[in-house]
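Subject: Handover of a protein structure

Dear colleague,

Please find below the structure that I am handing over to you. My findings follow it, arranged by topic, and I would ask you to read them with the structure open.

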Amino acid sequence: MEIAAQIVGLIVAVLVVTAIARRFDWSEPLCLVLAGVGASFVPGVPDYELHPEVVLLGLLPPLLYATAIRTSLVDIRRNRGPIGLLSVGLVAFTTIGVGLVTWLVIPGLPLAAGLALGAVVAPPDAVAATAVARRVGMPRRIVRILEGESLLNDASALVALRTAIAAIAGSVSLLEVGGDFLLAAGGGVLVGLIAGKVAYLLRARMEDPVLDTATSLVVPFAAYLAAEEIHGSGVLAVVIAGLMLGNHEPRMLSGSSRLANRLNWRTVQFLLENLVFLLIGLQLRRILEAAGRSELGIGALVGVCAAVLAATVLTRIAWMFAIGGIRRLLRGKAWPWSYSAVISWAGMRGVVTLAAAFVLPADTPHRAVLVLAAFVVVAGTLLLQGMTLPKLVRWLGLPPPDPAEDALQEAALLHDMTRAALDELEKVRRPEDPPEVVERLRDRLSHRSDSAWEQLGRQSELTETPSDVYTRLRREMLEAERVVLLEARSSGRVDDDVLRRVLEALDIEESMLTEPEDVDLDEERELSTPAATAGSCKHLAKAPDDTRPETPDGCEECLRDGGTWVHLRLCLECGHVGCCDSSVGKHATAHFHDTRHPVMRSYEPGETWRWCFVDANLG
């Protein structure tokens, strides 16, 4: 009963602290660590011991897996160079740099023990860095690089730590170090591939979302244990399996299984990662008591911790700017210096650092001092870098992801999907299929595509687009349906299984009625097609950039007939201004069918994207 009460108390504390941090837009990891530090000195608070096996086996695999299944394999491949330099090269550089500093500032410390601490503090924490990155709106490439680094650097750091611990016990040759690294990397990749393939074959045959979710919960632990059993990297095995399954998930799972899987893993990740930061803070009292028994005085302890923290921060900065300079010398180009500055400052440490510190053998010289230094690095980087990183991003003026460009990409993608679905409908429909059913399918697909285009050009004179009106009215209708369902439940005239099945259908439909987001366009810039989305065809290549509009005040036909429009489109061949497909008249498309003029441009303020009707290309 006491253990259950403690677990409930920890979860409640996590929920309260997280809610407060979000309310005031504070760093959640930092607030949780500080709350844990404060609670560790409160009389009566249980003495929570963060056992390394609990973290490395119980917490780390599901946290890494939850991140890996949401990480794009395409982005990992696209940024494999920077990710490799950070997850392997920077880990080795930090291990050596911090190890040498630790060896110099602690009298009598073996160099191997210093390198062990360097390996302990080498890997930044994924949660802390990306949480700040998403909150302040960093460029997506930086976020992808930080995510990729955090997935792979734990494996490199733990291999380096294993080698350093072996060196503390005796001599280790360079050949043994290389062999250990190759075994860990090769074994981890092999087991990860096998675990991912086996899980894919099993889950592809499961139709029950409950069984599928239960199977997914087993995968990270099975991959980790199997890899460690052959002395491979369990961390790397979990990451590889997660990346594989995340990449195959759209093809192997049903929609209901994907919804359940996504929600369950988000819940697991939220609870575990926040619980870990709270537990980190709760370790402070125990760590201070152990360090106080060291022969080093308080002044020396402060000096050691400050030196290790400074070395940890400065090695990352030196590595990033050195790599940037070398790439410019060799290739003549590299990412902007501002990217190097932000990535070098996004090096907050977390749970792996503290768990790895407790892995140090009990007979390690000055072990208590090394553990204290590791804790100072975790708390110091969360406080120093976590609090100042948002200000650095704003000071450097790095552009956040553009919601208008996202909306344009989404609209173009949904248009292509809708076109493919309608083509498939014409192929598979049978002569005896009711025409009204086919028309209903066409209307539903058109509504989805039009809704995406309506997110652009929100400066429209209409207060509500047709999709907005549909969403508002359907929500009111669903509420009326739910009232009837609840009355049927209260009266007991309908079986509970039937009620739950109908309620689930209502909930799924309601979840699809997403509220439209206002797309704020900067008045000083124009929304053009993102390079990754832009297509090319002979019509777009030949079309002029702009054409004088025949009716600058709006849609020619709507002005003539007294109609209204949602958004406006400009024909680049003749200057005709017509309304979009969400409008009643659909005059822009009608103009194309009448004249075969292929290219139009958005005639909304702040938008210059173009569209080819013939080839369905966005340019």
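The protein has 619 residues, of which 48% count as buried. Please bear in mind that this is a predicted model.

Overall picture

The protein contains 24 helices and 5 strands. Its C-alpha trace extends about 90 × 70 × 45 Å along the principal axes. Among contacts with a separation of 6 or more, 75% are between residues 24 or more positions apart. The protein exposes about 30800 Å², and carbon and sulfur atoms supply 61% of that area.

The beginning of the chain

Helix α1 covers residues 2-23, and Val8 is found in it. Val8 also belongs to a nonpolar patch on the surface, together with Val12, Val16, Ile20, Phe24 and Trp26. The accessible area of these residues together is about 560 Å².

A salt bridge links Arg22 and Glu28, with the closest N and O atoms 2.8 Å apart. Arg22 has a relative accessible area of 52% or more, namely 53%, and is therefore exposed, the cut-off being over 50%.

Helix α2 comprises residues 28-40. How far apart should the ends of its 13 residues be, at 1.5 Å a residue? The expected span is 18 Å, and the end C-alpha atoms are indeed 18 Å apart, so the two values agree. Several residues of α2 are buried: Pro29, Leu30, Cys31, Leu32, Val33, Gly36, Val37 and Ser40.

A bent helix

Helix α17, residues 367-396, has 30 residues. From its first C-alpha to its last it reaches 40 Å, close to the 44 Å expected at 1.5 Å a residue. At Leu389 the helix bends by about 40 degrees, and a proline, Pro390, follows within four residues. Just after α17 comes Gly397, which takes a positive phi of about 70 degrees.

Positive phi outside glycine

Which residues have a positive phi although they are not glycines? One of them is His231, with a phi of about 65 degrees. His231 sits in the loop that connects α10 (209-229) and α11 (234-252). Its relative accessible area is 52%, so His231 counts as exposed.

Lys586 is another residue other than glycine with a positive phi, here near 50 degrees. The loop between β2 (577-579) and α24 (587-595) holds Lys586. With a relative accessible area of 40%, Lys586 is partly exposed.

Salt bridges

How many salt bridges does a search of the whole structure find? The search gives 16. One of them, between Arg22 and Glu28, was described above.

Another salt bridge joins Asp75 and Arg78, whose closest N and O atoms are 3.2 Å apart. Both residues lie in helix α4 (residues 73-78). They are 3 residues apart, which is about one turn of the helix. Is each partner buried or exposed? Asp75 is buried because its relative accessible area of 15% falls under 20%. Arg78, in contrast, is exposed, at 60%.

A further salt bridge pairs Glu481 with Arg474, and here the closest N and O atoms are 2.8 Å apart. Glu481 is partly exposed, with a relative accessible area of 34%, whereas Arg474 is buried, at 13%. Salt bridges that share partners also join Arg475, Glu479, Arg482, Asp507 and Glu510 into one network.

Arg482, a member of that network, lies in helix α20 (residues 466-491). Its relative accessibility is 14%, so Arg482 counts as buried. Leaving aside neighbours within four places in sequence, Arg482 is in contact with Leu503, Leu506, Asp507 and Glu510. Asp507 and Glu510 thus appear both among these contacts and in the salt-bridge network.

When you open the model, I would suggest looking at Arg482 and its contacts, and then at the bend of α17 at Leu389.

With kind regards

How values were computed
Residues are numbered from 1 along each chain as its sequence is written. This is a predicted model: local features need pLDDT of at least 70, side-chain atom pairs count only at pLDDT 80 or more; totals for chains, interfaces and linings use all residues. Side-chain values use heavy atoms; hydrogens and water are left out. Helices (H or I, at least four residues) and strands (E, at least two) are DSSP runs, numbered from the N terminus. The expected span of a helix is 1.5 Å times one less than its number of residues. Buried means under 20% relative accessible area, exposed over 50%, partly exposed in between (1.4 Å probe, protein chains only). A salt bridge is a side-chain nitrogen of Lys or Arg within 4 Å of a carboxyl oxygen of Asp or Glu. Patches are made of residues with over 30% relative accessible area and no salt bridge: like charges are joined within 9 Å, nonpolar side chains (Val, Leu, Ile, Met, Phe, Trp, Tyr) within 5 Å. Accessible areas come from the Shrake-Rupley method with a 1.4 Å probe; for residues, only the protein chains shown count as cover. The bend at a residue is the angle between axes fitted to the seven residues ending there and the seven starting there. Contact means heavy atoms within 4.5 Å.
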